[in-house]
Amino acid sequence: MVFTVLTTLVVRKTYGMQSEVEEHYSDLSARASDALGNVALVQSFVRIDAEVQGLRFVADKLLAVQMPVLSWWALVTVITRASTTITVLAIFTVGIALHEQGLTTVGEIVMFVSFATMLIQKLEQVVSFINNVFMEAPRLQEFFNVLDAVPAVRDRPDAIDTGRLSGLVEFNDVSFSYDGKRPAVEDLSFTALPGQTIALVGPTGAGKSTAIALLHRAFDPQSGFIRIDGMDVRGLTLTALRRNIGVVFQEALLFNRSIADNLRVGKPDATEEELRIAAARAQALEFIERGERGFETNAGERGRMLSGGERQRLSIARALLKDPPILILDEATSALDAVTEAKVNAALDEVMKGRTTFVIAHRLSTIRNATRILVFDNGRVIESGTFDELVAQGGRFAELATGPVHGSGKCAGQRSCEES
């Protein structure tokens with residue numbers, strides 16, 4: 001009875017406090033990960049002492065809320081251990097008194113002590129179990145919250161897998177807003193035929209990346225619809241849709257695994273020969289073979305063992321290995337030097353044949369031969385046409401083609417890029 005009352009009292013007293021403790025643990029973990037993940041920034045801006053002090057501050061806050069919780073449970077432990085000792089001494093004392101009066105035997109005293117010891121051990125195990133469950137409860141709650149979360153973008157009950165698609169893409173009056181107030185894209189309509197290259201240009205925040213994110217269902221539009229081969233993308237399973245789309249991101253995303261493992265993300269059953277062909281087409285084979293372990297060389301955390309250009313070429317090789325009918329290039333050559341960029345662009349020109357390709361670009365020289373260029377501004381397409389047609393119109397694209405993109409700090413026009 002005493003065990004139950006005491007444990008219940010402490011659990012009620014410290015439950016909310018332990019939830020706060022877990023929040024501080026999360027803050028400490030996030031702060032440490034953030035600092036270590038940006039160690040180059042910390043060093044170059046002489047932030048080591050400041051970041052250490054920041055970690056100490058978070059750790060002090062954690063200890064400040066953790067110590068009261070530990071103190072309460074330490075009190076329970078002390079009381080239960082003291083109760084154990086007192087109980088055993090009481091049995092011995094009463095047993096000796098009864099034995100002197102001839103009311104009990106030594107064997108009965110030993111038996112009672114054994115029973116009391118067994119009972120106390122079980123009660124201590126119960127308290128320990130409750131303590132462990134209580135300490136882990138907030139973490140378990142977070143785990144189950146994530147496990148039970150329903151994704152905003154998910155398969156419909158009647159979603160189908162059509163296999164490989166041909167790549168006819170249609171946007172019909174598509175609108176989407178992140179905050180429900182300002183539209184990221186608005187009334188977006190265009191068609192991309194199989195094999196065409198569609199370039200999306202415009203200032204930062206104009207809606208280019210959002211439009212492409214809607215294509216592979218990172219989000220679903222609030223109005224309008226997107227079709228591939230005449231089918232609404234929401235009617236396809238996510239696996240089927242994304243299996244048909246290859247993406248080369250502006251920031252090359254690599255696992256802390258071997259180069260071969262990173263390439264096989266695009267095609268898990270790829271042979272070594274297929275890896276070599278994809279790497280060669282992306283101008284990556286030379287630096288891979290230059291390493292001592294070749295394709296088994298570890299890329300490091302987020303690819304830190306490789307240069308920016310090498311990471312980007314591996315990202316391109318990964319997309320080539322996937323061999324999708326729809327290809328998305330989000331500033332795919334932004335991290336390459338001029339010589340390597342020219343080689344990769346030549347490889348991409350060959351690879352893009354027969355595929356529907358969407359190119360997000362700031363440097364307009366990279367989209368000179370696009371089938372059609374869509375000029376974005378404030379979530380809308382304000383101009384559409386080929387490179388020469390848009391320059392001849394003398395509109396917004398012509399302004400971009402004769403100077404740096406507003407706010408990007410990059411060379412925009414083909415002529416100015418070549419001169420630089």
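Asp187 is partly exposed in this predicted model, with a relative accessible area of 42%, a value that falls between the limits of under 20% for buried residues and over 50% for exposed ones. The residue belongs to strand E2, which covers residues 183–192, and its phi is near 50°, a positive value in a residue other than glycine. Such a value deserves a remark, because most residues other than glycine have a negative phi.

A positive phi is also found at Arg217, where the angle is near 60° and the residue is likewise not a glycine. Arg217 is placed in a loop, in the segment that runs between helix H5 (208–215) and strand E4 (223–228). With a relative accessible area of 2%, Arg217 is buried, whereas Asp187, at 42%, is partly exposed.

Burial within a helix is illustrated by Ser315, which forms part of helix H10, a helix made up of residues 308–322. The relative accessibility of Ser315 is 1%, and the residue therefore counts as buried, given that the term applies to values under 20%. When neighbours within four places in sequence are left aside, the residues in contact with Ser315 are Val248, Phe249 and Ala252.

Aromatic side chains were examined next. The structure contains 6 aromatic pairs, and a cluster is formed by Phe171, Phe190 and Phe358, which are linked through ring pairs. A further arrangement involves a charged side chain and a ring, in that Arg257 lies over the face of Phe255, at a distance of 4.2 Å from the ring centre.

Considered as a whole, the chain comprises 14 helices and 10 strands, and of its 420 residues, 40% count as buried. Among contacts in the chain with a separation of 6 or more, 70% are accounted for by residues that stand 24 or more positions apart. The area exposed by the chain amounts to about 23200 Å², of which 57% is supplied by carbon and sulfur atoms.

The confidence of the prediction should be kept in view when these features are read. The average pLDDT of the chain is 80, and a score of at least 70 is reached by 88% of the residues. Over residues 404–420, however, the pLDDT is below 50, although this stretch has 34 contacts in the model beyond near neighbours in sequence.

Technical notes
Residues numbered from 1 in each chain as written. Heavy atoms only, no water. pLDDT = per-residue confidence, 0-100. Contact = heavy atoms within 4.5 Å. Phe/Tyr/Trp six-rings, centres within 6.5 Å; stacked < 30°, edge-to-face > 60°. Lys NZ or Arg CZ within 6 Å of the ring centre and 35° of its normal. Helix = DSSP H or I, 4+ residues; strand = E, 2+ residues; numbered from the N terminus. Buried < 20%, exposed > 50% of the residue type's maximum accessible area, 1.4 Å probe, protein only. Areas by Shrake-Rupley, 256 points an atom, 1.4 Å probe, with all protein chains shown as cover.
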